[in-house]
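I opened the model at the bench computer and kept notes as I went. The entries follow in the order of looking.

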Amino acid sequence: MRADIAGAVVDGNALAGLLSDVFAVDVTTVVGTCGGCGATAPLADAVVEIDEVAALVRCRSCTHTLFTALRTGDGVRIVLAAIRGFHVPGAAVTPG
Ligand SMILES: [Zn+2]
């Protein structure tokens, strides 16, 4: 972020409102963009290779690995790969 276009510089606590909307949705409705081929699709349409430890999420169009979700001893770790971005339809657009 360039300083001349920044509205304010604050700490990460400012993300609480915005990201609480992101993480409160049904993740299968989140739309991902593949960095491999540019395809966009809801995560429900991805190809998932899953076992008790990990879920490897692949692009249905080009098979690139978008990300991996790993169960750890104390939670879940998301390791990003070819995923270019996520769009959360319906998430609040007002700051706060
Ligand atoms: Zn792809």
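In which strand does Leu56 lie? I went to the residue and found Leu56 in strand 4. I noted at once that this is a predicted model, to be read with that in mind.

Entry on Leu56. I asked whether Leu56 is buried or exposed. I counted 18 other C-beta atoms within 10 Å of Leu56. A residue needs 20 or more to be buried and 12 or fewer to be exposed, so Leu56 is partly exposed. Leaving out residues up to four places away in sequence, I listed what Leu56 touches: Val48, Glu49, Thr65 and Thr68. I also took the C-alpha to C-alpha distance from Leu56 to Leu66, which is 7.9 Å, with ten residues of sequence separation.

Entry on the partner of strand 4. I followed Leu56 across to the adjoining strand and found Glu49 opposite Leu56. Strand 4, residues 54–58, pairs with strand 3 through four bridges, in the antiparallel sense.

Entry on the sheet around these strands. I traced the order as 3-4-5-6, four strands in an open sheet with antiparallel pairing. Strand 3 and strand 6 (75–80) are the edges, each pairing on one side only. I noted an average twist of 15 degrees from one strand to the next.

Entry on strand 1. I then moved to residues 31–34, which make up strand 1. Which residues of strand 1 are on the covered face, and which on the uncovered one? Gly32 and Cys34 are on the covered face, while Val31 and Thr33 are on the uncovered face. I set this beside the general rule that side chains in a regular strand alternate between the two faces of the sheet.

Entry on the neighbours of strand 1. I found strand 1 joined to strand 2 (residues 40–42) by three bridges, running antiparallel. Within this pair, Thr33 stands opposite Thr40. The two strands form a hairpin, with five residues between them. In the turn I checked Gly38, which has a positive phi of about 85 degrees. I then looked at strand 7 (residues 83–87), which is also antiparallel to strand 1 and is joined to it by four bridges. There I found His87 opposite Val31.

Entry on Asp45. Where is Asp45 found? I located Asp45 in the loop between strand 2 and strand 3 (47–50). I counted 14 C-beta neighbours inside 10 Å, so Asp45 counts as partly exposed. From Asp45 I went back to Gly32, 13 residues away in sequence, and read 9.8 Å from C-alpha to C-alpha.

Entry on the whole chain. I counted one helix and seven strands in the protein chain. From the N terminus I wrote the elements down as α-β-β-β-β-β-β-β. Of the 96 residues, 8% count as buried. I took the contacts between residues at least 6 apart in sequence, and 35% of them join residues at least 24 apart.

Entry on confidence. What average pLDDT does the protein chain have? I read an average of 89, with 89% of the residues scoring at least 70. Confidence is lowest in helix 1 (residues 16–23), with a mean of 82, and highest in strand 3, at 97. I added to the page that strand 3 is the strand that carries Glu49 opposite Leu56.

Key
Residues numbered from 1 in each chain as written. Predicted model: local features only at pLDDT ≥ 70, side-chain atom pairs only at ≥ 80, totals over all residues. Pairing = 2+ DSSP bridges. pLDDT = per-residue confidence, 0-100. Contact = placed C-beta atoms within 7 Å. Axes fitted to C-alpha atoms, helices over the stretch in contact; angles between N-to-C directions.
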